[in-house]
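Reader: I should be grateful for a close look at one part of this protein, with each technical term explained as it arises. Please take me through its surroundings step by step.

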Amino acid sequence: MSRSAPRNGRAAGRDRGSWVTLLVVVVLLIVAVLVSRPHRGDGADGPDGASSSGRALVVGDSVVALAARTAGVAGPVRLIGYPGLTPDVFGGTSSSLLAQDLAAAGRPRTVVLNWNGNNPRQLLGTALVADYRAELTGQIRWYLGHGVTRVVLAAAVPSLLNDSDRQVDWTSPDSARPGEMLGSSRLNAMYRQLAGTFGDSAVRYSERAARAIHPSMTFNTTLDGHPCIIDFVHPTPYCAARYARALADLAHHPDRT
């Protein structure tokens, strides 16, 4: 898909912003109703009975929440998604949700973090990326201090507005609109850099799960002849199941390329 050229400069930009904002808000509300649960994220487990070394936790937003509701997650992996929210749902590690999620997963040694660019506070893109970085830095340190030995920063999945072919300017006012930073390469560049700042193998960045449904990191609406995306970023049941399996595999084998 490609976006059409502006019709009348600023007026066209406002028109585009209006329909994109309306679409994003409506879809996020629908997804939140479908996947959210009171006071905590939506979660799915693999089989019980595994040791903590075999368990893993995946935490993220509505894309993870939708993946959590599909069947076929292999192994003792807990997927927990917070629709429409950002890493600051954990309040700079002050929220009890952080410890609750880790406990719900059986205190695993591997955690995958998958945040795709929600922006409920409508921050400018540059500020949003900085906010994500600050929150995730604190969370990684918390996890590593509470028995976790591996943290994987999973790439934000491509969206209608951001993929390998096109990007919203993260310095522009447009970037503050709902949905405009979903799948941004600026987020993924930050994730890669953040993983590197820890200077060892405990933290890494991976695009493997994202490429399971967008093989070239280009936004596509179909995969293997099946509809893949519901709207501008959220996967259909077919691709949500595929994504869930990819997240589980990433959690079980974080060093695979």
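Author: Helix 3 and helix 4 pack with their axes 12 Å apart, at an angle of about 50°. Helices (H or I, at least four residues) and strands (E, at least two) are DSSP runs numbered from the N terminus, and axes are lines fitted to C-alpha atoms, for helices over the stretch in contact, with angles running from 0 to 180 degrees between N-to-C directions. The two helices are therefore oblique to each other; angles under 35 degrees count as roughly parallel, over 145 as roughly antiparallel, 65 to 115 as roughly perpendicular, and the rest as oblique. The model is predicted, so local features need pLDDT of at least 70 and side-chain atom pairs count only at pLDDT 80 or more, while totals for chains, interfaces and linings use all residues. Residues are numbered from 1 along each chain as its sequence is written, and side-chain values use heavy atoms, leaving out hydrogens and water.

Helix 3 passes helix 4 in a right-handed crossing. A crossing is right-handed if the near helix is turned clockwise from the far one by less than a right angle, and left-handed if anticlockwise. Where do the two helices meet? Leu98, Ala99 and Leu102 of helix 3 are in contact (heavy atoms within 4.5 Å) with Gln139, Trp142 and Tyr143 of helix 4.

Helix 4 itself deserves a closer look. It comprises the 20 residues 125–144, which at 1.5 Å a residue should span 28 Å, and the distance of 28 Å between its end C-alpha atoms agrees. The expected span is 1.5 Å times one less than the number of residues. Gly125, Leu128, Val129, Asp131, Tyr132, Glu135, Leu136, Thr137, Gln139, Ile140, Trp142 and Tyr143 are the buried residues of this helix. Buried means under 20% relative accessible area, exposed means over 50%, and partly exposed lies in between (1.4 Å probe, protein chains only). An α-helix has 3.6 residues a turn, so residues three or four places apart point the same way. The elements against which the buried residues of helix 4 pack are strand 2 (56–60), helix 3 (96–104), strand 4 (110–114), strand 5 (150–154), helix 5 (185–197) and strand 6 (203–206).

One of these partners is helix 5. The axes of helix 4 and helix 5 cross at roughly 35° and come within 10 Å, and this crossing is right-handed. On the side of helix 4 the contact involves Val129, Tyr132, Arg133, Leu136, Thr137 and Ile140, while helix 5 contributes Arg186, Leu187, Met190, Tyr191, Gln193, Leu194 and Thr197.

Leu187 belongs to helix 5 and is buried, with a relative accessible area of 0%. Apart from neighbours within four places in sequence, Leu187 is in contact with Asn116, Gly117, Val129, Tyr132 and Met181. Its C-alpha atom is separated by 7.3 Å from that of Gly117, although the two residues are 70 apart along the chain.

Returning to helix 4, one may ask which side chain makes a polar contact with that of Asp131. The partner is the side chain of Arg121, at 2.7 Å. A polar contact is a pair of N or O atoms within 3.5 Å; within protein, one must be able to donate a hydrogen and the other to accept it, and residues adjacent in sequence count only if both atoms are side-chain atoms. Setting aside residues up to four places away in sequence, Asp131 touches Asp88, Arg121 and Leu123.

The loop between strand 4 and helix 4 contains Pro120 and Gln122. Pro120 is in contact with Gly84 and Thr86, leaving aside its neighbours within four places in sequence, and the C-alpha atoms of Pro120 and Pro178 are 6.7 Å apart. Gln122 is partly exposed at 47% relative accessible area. Most residues other than glycine have a negative phi, and most peptide bonds are trans. Gln122, which is not a glycine, has a positive phi of about 55°.

Another positive phi, near 50°, occurs at Arg107, in the loop between helix 3 and strand 4. Arg107 is exposed, with a relative accessible area of 55%.

As a wider setting, the protein has seven helices and eight strands, and 53% of its 257 residues are buried.
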